[in-house]
Amino acid sequence: MPKESGGWFGPWWSERQVCMGMRYVRILSVALAGLVLVGSGCKKSTPAPPTKTTPAKAPAAKAPAPAAQKPAEAAPIKVGAIFAVTGPAANLGAPEQKTAEMFVEQINQAGGVNGHKITLLVKDSGGVSATALSLAKQLIDEQKVLAIIGPSTSGETMAIKDACQEGKTILLSCAAAETIVNPLASYIFKTPQKDSDAARRIFETMKDKGITKVGVISSSDGFGNAGAAQLAKLAPEYGVTIAIAESYAATETDLTGVLTKLKGQDVQAVVDWTITPAQSLVAKNMKQIGLNVPLFQSHGFGNIKYVQAGGEATNGTIFPCGRLLVAEALPGTHPQKQVLLKYKQDYEARYKEDASTFGGHAYDALLILTEAVKKAGSTETEKVRAAIETLQGVVGTGGVFNFSPTDHNGLNKDAFEMLTVENGRFVLYTKK
Amino acid sequence: MNFPLIVQYGLSGITVGSIYAIVAVGFNIIYSTTGIINFAQGEFLIIGAMTAISLYQILPLWLAIALAVIMTTILGGLMEVVFIRPVRNASVLRLIVITIGLSILIREAMLHIWDEQVHSLPYFTGTSISTVTILGAHISPQVLWVLGTSAVIVAGLTIFFRFTPTGRAMRACADDPMAACLCGINDRWMVTLSFMLSAGIGALAGCVISPVTQTQYDMGAPLAIKGFTVAILGGLGNSMAAVAAGLLLGLLEAFVVSQFASVYKEAVAIVVLLLILVFRPTGLFVRREIGALRAA
């Protein structure tokens, strides 16, 4: 123990005490710094794995794809994909990656698009915006891809939006936030349904049930904040009062505290808006504290794992969702039925896990891109981009897409179906 | 605010606090025998719970949990033998950094062994909608399991450290490794034992809280942060104080949620940690002089 350190504190402190106190504090502060590292840094430092190329059969894969002169022997189309395959948004990114690889393989086996095979370059962002941005720059500047599919989350998409627009590369985002396509940017498109439409469907259902006073909770992340803002904005239109709005950390492991607060306001329903596992927690915690009012959740709830994790408590949860989860229950005449059943069966046969709506967003993105290439009869970025804006009646997993130069999402609120949970399964919601 | 609502906030605080407490106990065992703060403690919890969830597919619940605890215990021992023992004479700081590395390694391994989805063990008693009513407010029976398990663990540890030869040998090593060696205690095995013990207790904690918190591969770190705060708050090395401190922090957070926007809840633990480090680094329940002696 160094003796001199005691001197700084003057003679009334015993040297020994000071040294020991200091040492204790020092160890603890090092430990504290370590914790911060463990807690935040490491989670974000998931290194991007080496690029996967699917399939790299064509020998001409390295040459940049010029406009094809002989369509039959055409150069492959390079498509980049940025998904959060690992990290906190992995339950979005992982099925998206699997879906994209399956889609490209099927297209290539069938002879490609207009004779062009597709070369898919999948990159893992780990759900981190900064990583997504550097991957996007790499895909645009070095790989010179025709289009980028993804990223999985709204935060990442917003981070790369400008880079794609300036780099004149088509972006087909798989993230939900409305701000991706509003304000409009000419190269930016997205496939998931809009937040505002989800909120509208929820409020319509509430109006139907005669609910006028609700409590809103949301995770304090991009998806949660955007949803809470839409709910607050649209509530007056439907005559609903939001008595209390609270947000919680995305890593939350117990919500009884904040739900008690809602209980104190005598709300008639709870709306929870998040994509985190808190979706199961909120259902459980509501029942546990005896807050027995209807629970509405966002379209983020469309993953059966949340129902399994939440058990019985999730029965009766009402949420808007694409039709993938209830494909079997759709009437035979429904335009989406065929597409949904095929995607679901292919995915489940190949990966031995349930298909989720998130994988469907990647399916739709690739579908729109390939349809646009067919329609344009070209692989030139400018022509394909213009072709997307004219696509009408493209039947995808998320809905029937009708694009226009002012609508880069192509879906309206009819793309959502209200679902509920019955005996641990997703079923169509019907008013009782 | 009416009375049942106040009780409800209290029960909510106890729910959260019981989770913090049971996590904190694991930190204390390794600290009190080696002076190391094991940052892989949170990962022990998740490994235990994940293993139990997998085993539960084919085995009854109690057997799945028992096996998961045993497997995690062995893993904890192996971890010490392979990674900590070879650098045993290094400074405590280096060992702490090693445990940080291990936590990252284990987390990534879990992502590959299992998946990124959220899982959960079934409730030990009743289901996710069962409640116990206390004074007009409600609490999940699983929380009582968590509290009961914490109590059993703390009581067991106290008896182990006070009255069994092995437990006393472990304490002797913590006090003065040299003197303990001279008395014929194999101090290296005592350290291994402390890792095994804390891995096993971590795994048990992970299983008991799994129905409440749910389990996902990357949940260890956030849980460990709270557990660590609580361990410091109570005074490192003191398991009984850790339980009291856990409940205290839980109640404090519930109070903050009831009075302020609930986003501030996350700041509570950090503010408490900073205040404790500055004003009372030995913890709430340890007398200053004893803390100073221990630090020497």
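These are my notebook entries on helices, a strand and a nonpolar core that I looked up in a predicted model.

**Chain A overall.** I began with the secondary structure of chain A, for which I noted twelve helices and 15 strands. Of its 432 residues, 54% count as buried. I then turned to contacts between residues at least 6 apart in the sequence of chain A, and found that 67% of these join residues at least 24 apart.

**The core.** I next looked up the largest nonpolar core, which has 211 residues, and I listed Val79(A), Ala81(A), Ile148(A), Ile149(A) and Val270(A) as those with the most contacts inside it. This core draws at least three residues from each of domain 2 (52-193 + 337-401) and domain 3 (196-321 + 417-428) of chain A. Leaving aside residues up to four places away in sequence, I found that Ile149(A) touches Val79(A), Ala81(A), Ala100(A), Leu172(A), Cys174(A), Ala362(A), Ala365(A) and Leu366(A).

**Strand β9 of chain A.** Val270(A) led me to β9(A), residues 269-273, where five of five residues are buried. I checked the two faces separately: Ala269(A), Val271(A) and Trp273(A) are buried on one side, and Val270(A) and Asp272(A) are buried on the other. For its neighbours, I recorded a parallel pairing with β7(A), residues 213-219, over five bridges, in which Val214(A) stands opposite Ala269(A). β9(A) also pairs in the parallel sense with β10(A), residues 295-297, over three bridges, and there Leu295(A) is the bridge partner of Val270(A).

**Helix α4 of chain A.** I compared the length of α4(A), residues 154-166, with expectation: at 1.5 Å a residue its 13 residues should span 18 Å, and the end C-alpha atoms are 19 Å apart, which agrees. I nevertheless noted a bend of about 40° at Ile160(A), a residue that is itself among those buried in this helix, as are Ala159(A) and Lys161(A). The buried residues of α4(A) pack against α3 (129-142), β4 (147-149), β5 (170-173), β6 (188-190) and α6 (222-234) of chain A. Just after the helix, Lys168(A) takes a positive phi of about 50°.

**Helix α8 of chain B.** I made the same check on α8(B), residues 187-213, whose 27 residues should span 39 Å at 1.5 Å a residue; I found 37 Å between its end C-alpha atoms, which agrees. This helix bends by about 30° at Cys207(B), with Pro211(B) following within four residues. Because 24 of its 27 residues are buried, I described α8(B) as largely enclosed by the rest of the structure. Gln214(B), just after this helix, takes a positive phi of about 70°.

Note on methods: Residues numbered from 1 in each chain as written. Chains lettered and ligands numbered in written order. Predicted model: local features only at pLDDT ≥ 70, side-chain atom pairs only at ≥ 80, totals over all residues. Buried ≥ 20, exposed ≤ 12 C-beta atoms within 10 Å, placed from the backbone. Contact = placed C-beta atoms within 7 Å. Expected span 1.5 Å × (residues − 1). Bend = angle between axes of the 7 residues up to and from the residue. Core = buried A, V, L, I, M, F, W, Y, C linked by C-beta atoms within 7 Å. Domains from an automatic or database assignment. Pairing = 2+ DSSP bridges.
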